[in-house]
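Reader: Could you walk me through this one while I have it open on my screen? I would like to begin with the pocket and then move on to how the chains meet.

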Amino acid sequence: MVAALVVSSRGWGKLRQILAAGKGAGASCAVLWRRGCSSQQEHVSHNEDLPIQMENPYKDPPKRCVLCGINVDYKNVQLLSQFVSPYTGRIYGRHITGLCGKKQKEISKAIKRAHVIGFMPVVYKDPTFLNDPKICDIRHPE
Amino acid sequence: PEMAAALKRTIEALMERGAVVRNLENLGERSLPYKISKHNQDHRRGGYFLVDFDGPPTIISTLMDHLGRDVDVIRPTFIKHPVSKTEECSGIIPVNYEDKLYTKKK
């Protein structure tokens, strides 16, 4: 225990000496380093180790909606009926269908056109298209 | 039969007013989605025909009158020729809603 204390005191003294020496040296070094930096700044800006500015190469391709390549027509009633409620015949909103802005607008316009022309029923969904695969994210209340 | 005669009449009316008929498509005969009553008659079945034509826009109103008076035509409709261009459809671009909705004080 006593020996350990002696060692620690000696160690502290030595540490202080080293620190003082280091500070002195460090000050001189800092002065020298600053001078060096001022002359070297022009070289640093053209250093080849700095990262090159480029677009993120690991970016995912942008998410595509269900209709992203498909042409929307007022004539294919089956496609249009998939975005319409089977009970009331109302058009589903964007948060349910999950379509792009453009496509949602196109679909709603086509559906309304089909209503007027007499292609698609207004107040219900055509029963022949009731068993189509589900695209929309509807949750009926139980 | 009667439908052919009605079609002939409409196309002749188009040609008279100086329209060039490009194409005529038959979209089939099916039961209408809802009962349409026209000229004091109720219709439940009908034949759908699509006529592509080029013509001056001034004839549209006259044609609507003409077809409205025709007993065999249930619902006349005029639509612009669809110009389809879906090749530019990029995916859903994520929108920064915070910037869009909240106006930041300068």
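Author: Since we begin with the pocket, a lining residue here is one that has an atom within 4 Å of a point of the pocket, and please keep in mind that this is a predicted model.

Reader: Fine, so how many residues line the largest pocket, and which lie nearest its centre?

Author: The lining is made up of 49 residues, and those nearest the centre of the largest pocket are B:Phe49, B:Leu50, B:Val51, B:Arg75 and B:Thr77. The space in this pocket comes to about 1500 Å³.

Reader: Which element gives the most to that lining?

Author: That is S2(B), with 12 residues, although H1, S1 and H2 of chain B each supply at least two as well. By character, the lining of the largest pocket holds 29 nonpolar, 9 polar and 11 charged residues.

Reader: And how does S2(B) run against S1(B), parallel or antiparallel?

Author: The two strands are antiparallel and are joined by 12 bridges, with B:Ser37 standing opposite B:Asp42 of S2(B). Their hairpin has 2 residues between the strands, and B:His39 takes a positive phi there, near 55°.

Reader: Switching to the chains, how many residues does each one bring to the contact?

Author: Chain A brings 24 residues and chain B brings 16. About 1700 Å² is buried between them, with 61% of that area from carbon and sulfur atoms. On the side of chain A, the trio A:Ile117, A:Gly118 and A:Phe119 supplies 26% of what that chain buries against chain B, more than any other three residues.

Reader: How many salt bridges are counted between chain A and chain B?

Author: The count between these two chains is 0.

Key: Residues are numbered from 1 along each chain as its sequence is written. Chains are lettered from A and ligands numbered from 1 in the order in which they are written. This is a predicted model: local features need pLDDT of at least 70, side-chain atom pairs count only at pLDDT 80 or more; totals for chains, interfaces and linings use all residues. Side-chain values use heavy atoms; hydrogens and water are left out. On a 1 Å grid over the protein atoms alone, a cavity is a set of points where a 1.4 Å probe fits but cannot get out, and a pocket is an open set with protein on both sides within 12 Å along at least five of seven lines; lining residues have an atom within 4 Å of a point. Grid points are joined across faces, edges and corners, and a volume is the space filled by probe spheres set on the points. Helices (H or I, at least four residues) and strands (E, at least two) are DSSP runs, numbered from the N terminus. Ala, Val, Leu, Ile, Met, Phe, Trp, Tyr, Cys and Pro count as nonpolar, Asp, Glu, Lys and Arg as charged, and the others, Gly among them, as polar. Two strands pair if DSSP finds at least two bridges between them. Contact means heavy atoms within 4.5 Å. Buried area is the accessible area (1.4 Å probe) that two parts lose on being put together, summed over both. A salt bridge is a side-chain nitrogen of Lys or Arg within 4 Å of a carboxyl oxygen of Asp or Glu.
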